[in-house]
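Colleague: Could you walk me through this model step by step, beginning with the ligand and ending with a residue in a strand?

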Amino acid sequence: MRAKPLINLVFLGDVDHGKSTLIGRLLYDLGRVGESTIARLRSLASQVKDESYYLAYIIDCQLEERRRGHTIEVASWEPVEMGRNAIRIIDVPGMGEWINNTITGIAQADAAVVVVDAHDVAARGLEQLAELREHLILAFAFGIEQLVMAVNKMDLVGYDMGVYELVRAGLLELVKSVGYGDVEGVPFIPISALRGDNVVERSEHMPWYSGPTLYEALGGLREPPRPVDKPLRLPIHRHFQGGNIAVGVVETGVISRGDTIVVVPAGATGKVMSMEAWGRRIERAWPGDDVGVRIRGVARYHIKRGFVISHPETAPKAVRSFIGRVRVLGQRGLWPGFCPVVHCHQARAPCRVKAIIRKLDPRTEDVLEEEPDFLAKGEMGDVLLEPLVPKQRGLVIERYGEFPSLGRFALRAGAGRKRGSITVAAGICIDIEPYE
Ligand code: GDP
């Protein structure tokens, strides 16, 4: 099927902590970017912003992003060989205002590199990193099991071991607090993305560090199970205006050229005319593959982010309601009548909490109370949720036991004008009531 295990890898962390620079550094040091491109980007960066952004420009392609100096869209790169893996890098925005894009990137990923600016943390503490915490909560909610922590900008703290240890201790607590139980094996790598320390080349400046470089750690990631034998589920991430091309990552099953497909919830059937990955025509795509699918017979307005491509005989249905087993993360709690936004694979939709069915013990999942009228922060329960969208634009969500990647979700809601929105609860779908 594939020559090497494929890992979809997302880079997370607060804005300006160096995500784009690190991706640029990896690609540059692995010989993926030529010297002439680097020279051009250096000069472009110094004209538009400042020269130190030249590595970030490798992946931040949009002019708006270059001018502002941070990522807005989700960008990804053709899989790059690292050790035994082929790694597809996904860059998402760090800024809270683009969180919807961040979530769609996280939902595609198998593993995450978390980039933290050691200099900033040493100066201001971890508490002010609101986005980092939110990213970790979402990574956990969307089932990202493998994390690699990159303690960046070590050059700005004199490559000091004490600072590294301090940042590491704080991060460990943070990672545990969002739900990651087993943090023993998580690598914490002191790096400088800008100077190239411990990214691909081992640094001479940190003899006190004997762990893997980032490149080595990424080469050691494990590919998650790829459910080839299940029915096709390809959630649409974006579409191209020029034609009926839907882009997304295959979650389960196989899609081939010539297949008759259906787009749910639109219910429109069509035919796969051709498929493309990284500028090359392909005949077939498997779970984990990021593909562009040219479809004939489906109107353009039926090809939308969050809709799911499938085969007609085994297609999912949009849901009238679903039951989620959630853990409450927000201060305000959950109650019947509350209307957050549900995020699930590439989809999002406003929804209403119709009822709280039961409260559960978060450790044992034993029933503590039937039909409580409130779930407080830290509590767990089964809630009945009703998407507030018309059937034709309805939400496709699946039972976690059948399609894990389409059965995980997060509920988000506003947290006051200054803070934007936050994740108020996250969980898995345990039952659905589909539309007939
Ligand atoms: P992002 O918003 O997380 O993608 O951050 P960027 O990659 O755009 O980097 C933000 C700024 O931090 C830029 O000026 C980078 O040159 C700088 N930067 C990134 N990594 C390092 C590093 O390792 N050392 C230093 N000194 N600066 C860095």
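**The ligand and its surroundings**

Modeller: Around the ligand there are 19 residues, each with a heavy atom within 4 Å of it, and the closest are D16, K19, T21, S52 and D155. This is a predicted model, where local features need pLDDT of at least 70 and side-chain atom pairs count only at pLDDT 80 or more, while totals for chains, interfaces and linings use all residues. Residues are numbered from 1 along each chain as its sequence is written, and side-chain values use heavy atoms, with hydrogens and water left out.

Colleague: How far does a polar side-chain atom of S192 lie from an oxygen atom of the ligand?

Modeller: A polar contact is a pair of N or O atoms within 3.5 Å. A backbone N or O atom of A193 lies 2.9 Å from a ligand oxygen, whereas for the polar side-chain atom of S192 the value is 3.1 Å.

Colleague: How much of the ligand's accessible area does the protein cover?

Modeller: Accessible areas come from the Shrake-Rupley method with a 1.4 Å probe. On its own, the ligand has 590 Å² of such area, and the share that the protein covers is 93%.

Colleague: Is N8 buried or exposed?

Modeller: N8 is found in strand β1, residues 6-12, where a strand is a DSSP run of E with at least two residues, numbered from the N terminus. Buried means under 20% relative accessible area and exposed over 50%, with partly exposed in between (1.4 Å probe, protein chains only). Because its relative accessibility is 1%, N8 counts as buried.

Colleague: Which backbone oxygen does the side chain of N8 reach?

Modeller: The side chain of N8 has a partner at 3.1 Å. That partner is the backbone oxygen of G288.

Conventions:
Polar contact = N/O pair within 3.5 Å; in protein donor to acceptor, adjacent residues only side chain to side chain. Helix = DSSP H or I, 4+ residues; strand = E, 2+ residues; numbered from the N terminus.
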